[in-house]
Each structure stands twice: as structure tokens, then as C-alpha cells.
Amino acid sequence: MIKVDLSGASAFFDPAELDFAAAASAHRMLTEKSGAGSDFTGWLELPTRIRDGELKAILSAAQRIRSRSKALVVIGIGGSYLGARGAIELLRPVPSPDDPRIFFVGNGLSPDALSDTLEQLGDVDFDVNVISKSGTTLEPALAFRIFRKLLREKYGSAAKKHIFATTDASRGALKSLADAEGWECFVVPDDVGGRYSVLSAVGLLPMAVAGIDIKTVITTAICSFKELDLRSPENPAWQYAAARQYLYGHGKSIEILGCYEPSFRFMAEWWKQLYGESEGKNGIGIFPASVEFTADLHSMGQYIQDGPRTLMETIVSFENNRRSISVPFEMGDPDGLNYLAGKEYADICRTAADAVKAAHISGGVPNIGISVTARDEAGFAELVCFFELACAISGYMSGVNPFDQPGVEAYKKNMFKMLGKPGT
Ligand code: PA5
């Protein structure tokens, strides 16, 4: 199970001050489905629900794609791509020669980025997984139009076999199009919002195509959600939620999520969406930011150490490294580094992390540690379950509905009107 270490925040509060009663009540509201947005809490049951037929269908589609294509183009934005990208970059930072390349498009409106991807794709065989719960989001819908045309030009009438649509079970433009064209469909369940959907077909199909063992992800997630159902201050999700709410109440309005593994970068993007969209509403909410250590110590490190004291820091670490590298000895010590000769990089990194933690705490930045056993499928699933549950609990503790996102509509209304969409 995930471990939360609050020792780095002990200078900022006594654990007895944390409001575990509020965490307990938030947890109860969530599981009894009595809180705001309770019709969007199906993510808690996703791993148990998916075990049967759907998992087989996902694995079979992934196998077909892997055996015939050199690339999968994943079209989606926000919750419809960040989880899959986070998982793939975390677990498969270097794809094996048998793995299709995974391209993510439809997550912006840059003509340059889209052209670059088209150029990188070249004329290899490829499949498309278009993911949109609503089926009406502009960025993925536009990119899908481009890739549909490309597929038609490349495969003619067989193009439809290369399209997999992950969308609502019965509603929306994408679902209607998929039914009319005969594309294979996967479902984003009604009771699961985009940012909580990574353990549904939304995340699982691209992950499986990338060679990730999604059966292990699912079985671990089933165990994790069970373990995280613990109703006690020992529950790491309670600890994390209660600590960040306490710190927010005491002036720490920005949370920086950091990790010493660069492959964690898109997991942090996924986390930012999860927490930002769930908690930032009604004029309140912790602002989620992320850093990549040690690289950002040489840029953002100054601000963290010495800027406005509104920061808390949460550091994700993996107890075991996948690889080991040690520092070679060099005769004459020309660069003065022989004092580290024979040392493992992992040990140097741990020491650096300890030094950074102590410095930041002394600079007034409370530190929350989150540790995971390994950077593997099980570790990924544990992190997802932990962060999702803690987010829902933390959101309820702060009095918001963690499952809606009314704020994202404002720009869409303006944009569609300015673009001249009929009816706006
Ligand atoms: O979490 C969310 O609800 C959003 O990030 C959506 O996932 C995102 O806006 C994409 O929406 P859709 O899947 O309907 O295209």
C-alpha cells in the first residue's frame, strides 16, 4: 500500500490537529453516495466492474493493433488522454521494438504540433483510438476529422477497422458516428467523469497497446480500493487529504507535486487535472503545480526555497529503482568526483532528496512524502487509486463537489460563439 510520510510537515502541525473526523465523514459521503455529485462516483467500482467481458474486448483490440500496426494515434484531451499518457510514459519510457509508437493528438489546437505528429507518423500502418465522452469537444473532434481522412486515403473501405471509439454508451455525436460507420466502440460509463476514467477503457486500451499489463493494473486496483476503504487515521488517503486541507487553511494555497523520476512528468499532469478540476471552484481550492527534480531545483528551486511562503510540497518516490548505475573511478580525479566513485546513482539521488527536503522545510515549505514500492503496473494502479480517493475526500472536506467542472464551460461558450458555431 502507498505510504504517506507527514514527518516533513511536523514543524507545521501536530498530527493531532488534523481533522480526521472530517475525512471520515467525507469518506462516508463518498461510499454511501450521499454527497454532491454522487452520480459520478462510479470510478470507485471501475476495476471490479471491468473484470468480465470488457477487459477481454480491450485486450483483443490491443492485440489486433499491436500485430498489424506500427503506431496508435490516441485522440483525446483532458481526462480523455492524460491518464493513459501518464501511465505509458511512467511504465514504458523506452518502448520495446515490438511496441507500436503511441502518438497523442487532439489535445490542443496548434497546427505545428499536429503537422509534426503527421510527419513523425509518416506512412506506417496505424490505428486510431478516438476518446471523447461527450463526443463534442472541439480539439479531438477536429483532429479526428484529419486522421479519418488519412485513414480513408490509406485503407479505403477498410479504414473503419482501424478506428476504435471510446465514448458514451448511447449518446453524443461520436457515438452516432461510430454506430453509423461501424467502428468498434468502448464505453466511458455514465457515472465516471473524464478525470476519474483512467481505469476504464479510456486509459486501458492505449495502455494495453503500449505493452502495459492491464490485468495487473486492474487486479492491483481492486486490492488498493479495498485497502483504502480503511476507516481510520491510518488510511493514507485520509492522511494526505487532511494534511493538505490543514495546510491550505494555514496559508499554503499552492501544492507542488514533485518526483525525481522524469518519467513521472505526465502522471503529474494527470494529477494536476484531477486536483485542479475537482477542487478549484466556488472561489477556493489549492492550486496544483508540478516540478521535476532534480532538474527544476536549478530553476524553480529558488522560488520554492525563497519566494512567497504559500507553498506545500508533495514528493512521490519509488522505493525500488528498475536499473542501477554506479559512478566510475577515474585515475587522477580530474573532475574531483572520486569521492563518489563506486556509489550508486540511486543512493546519490536519495541523499539529494533528503538534502532538498531539509532545505525546503527550513525555508518554510511543508513536505508530504508519498512512497510507492516500484515504478511498475502495481505501483501505477496504487497511485491512481490513492490519488483519486484522496482527491474526492479532500474535495468533500473543503465543501465542494469534486465531480463537476462548471468553470470550463465559460471559455467554450465564448470560443464557439467567436468561431461562429451555429446556434451559439
Ligand atoms: O475531466 C473532464 O471531464 C475533462 O477533462 C474531459 O475529460 C475533457 O474535457 C474531454 O472531454 P470529452 O471526453 O467529453 O471530450
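# Exercises on strands, salt bridges and cores

In strand 5, Phe-164 is the bridge partner of Asn-129. The model used in these exercises is predicted.

**Exercise 1.** Find which strands pair with strand 4, and in what sense.

*Solution.*
Step 1. Begin with strand 5 (residues 163–167), which pairs with strand 4 in the parallel sense over 4 bridges.
Step 2. Follow the chain between these two strands: from strand 4 it passes through helix 6 (residues 138–155) to reach strand 5, and this β-α-β crossover is right-handed.
Step 3. Turn to strand 2 (residues 71–75), which also runs parallel to strand 4 and is joined to it by 5 bridges.
Step 4. Locate one position in this pairing: Val-130 in strand 4 stands opposite Ile-75.

**Exercise 2.** How many residues of strand 4 are buried, and which way do they point?

*Solution.*
Step 1. Recall the pattern to look for: side chains of a regular strand alternate between the two faces of the sheet.
Step 2. Sort the residues by direction. Phe-126, Val-128 and Val-130 point one way, while Asp-127, Asn-129 and Ile-131 point the other way.
Step 3. Apply the cut-off for buried, which is under 20% relative accessible area. The residues pointing either way are all buried.
Step 4. Conclude: because 6 of the 6 residues of strand 4 (residues 126–131) are buried, the strand is largely enclosed by the rest of the structure.

**Exercise 3.** For the salt bridges of Glu-184, Arg-195 and Asp-404, name each partner and say where both residues lie.

*Solution.*
Step 1. The side chain of Glu-184 meets that of Arg-64 at 3.0 Å, N to O. Glu-184 belongs to strand 6 (residues 184–187) and Arg-64 to helix 3 (residues 53–68), so that the pair links distant parts of the chain, 120 residues apart. Glu-184 is partly exposed at 25% relative accessible area, and Arg-64 is partly exposed at 31%.
Step 2. Arg-195 has Glu-277 as its partner, with the closest N and O atoms 3.1 Å apart. Arg-195 sits in the loop between strand 6 and helix 8 (201–209), and Glu-277 in helix 11 (residues 265–279), 82 residues apart. Arg-195 is buried, with a relative accessible area of 4%, whereas Glu-277 is partly exposed at 21%.
Step 3. Asp-404 forms a salt bridge with Lys-281 (2.8 Å, N to O). Asp-404 is in the loop between helix 14 (377–398) and helix 15 (409–419), and Lys-281 in the loop between helix 11 and strand 8 (287–292), 123 residues apart. Asp-404 is partly exposed at 26%, but Lys-281 is buried at 9%.
Step 4. Look for shared partners: salt bridges of this kind join Lys-33, Glu-45, Arg-49 and Asp-191 into one network. The count of salt bridges comes to 22.

**Exercise 4.** Describe the largest nonpolar core and the second, separate core.

*Solution.*
Step 1. The largest nonpolar core has 94 residues, and those touching the most other members are Trp-43, Met-207, Tyr-240, Phe-264, Val-316, Phe-380 and Phe-387.
Step 2. Ask which element supplies the largest share: helix 14 does, with 13 residues.
Step 3. Take Phe-380 and set aside neighbours within four places in sequence. Phe-380 is then in contact with Gly-83, Ala-87, Leu-90, Leu-91, Val-198, Met-207, Val-217 and Met-267.
Step 4. The second core, separate from the largest, has 20 residues, among them Ile-75, Leu-121, Val-128 and Trp-183.
Step 5. Connect this to the earlier exercises: Ile-75 is the residue opposite Val-130, and Val-128 points the way that Phe-126 and Val-130 do.

Notes:
Residues are numbered from 1 along each chain as its sequence is written. This is a predicted model: local features need pLDDT of at least 70, side-chain atom pairs count only at pLDDT 80 or more; totals for chains, interfaces and linings use all residues. Side-chain values use heavy atoms; hydrogens and water are left out. Buried means under 20% relative accessible area, exposed over 50%, partly exposed in between (1.4 Å probe, protein chains only). Two strands pair if DSSP finds at least two bridges between them. A crossover is right-handed if, with the strands pointing away from the viewer, the path from the first strand over the helix to the second runs clockwise. A salt bridge is a side-chain nitrogen of Lys or Arg within 4 Å of a carboxyl oxygen of Asp or Glu. A nonpolar core is a set of buried Ala, Val, Leu, Ile, Met, Phe, Trp, Tyr and Cys residues joined through side-chain atoms within 4.5 Å. Contact means heavy atoms within 4.5 Å.
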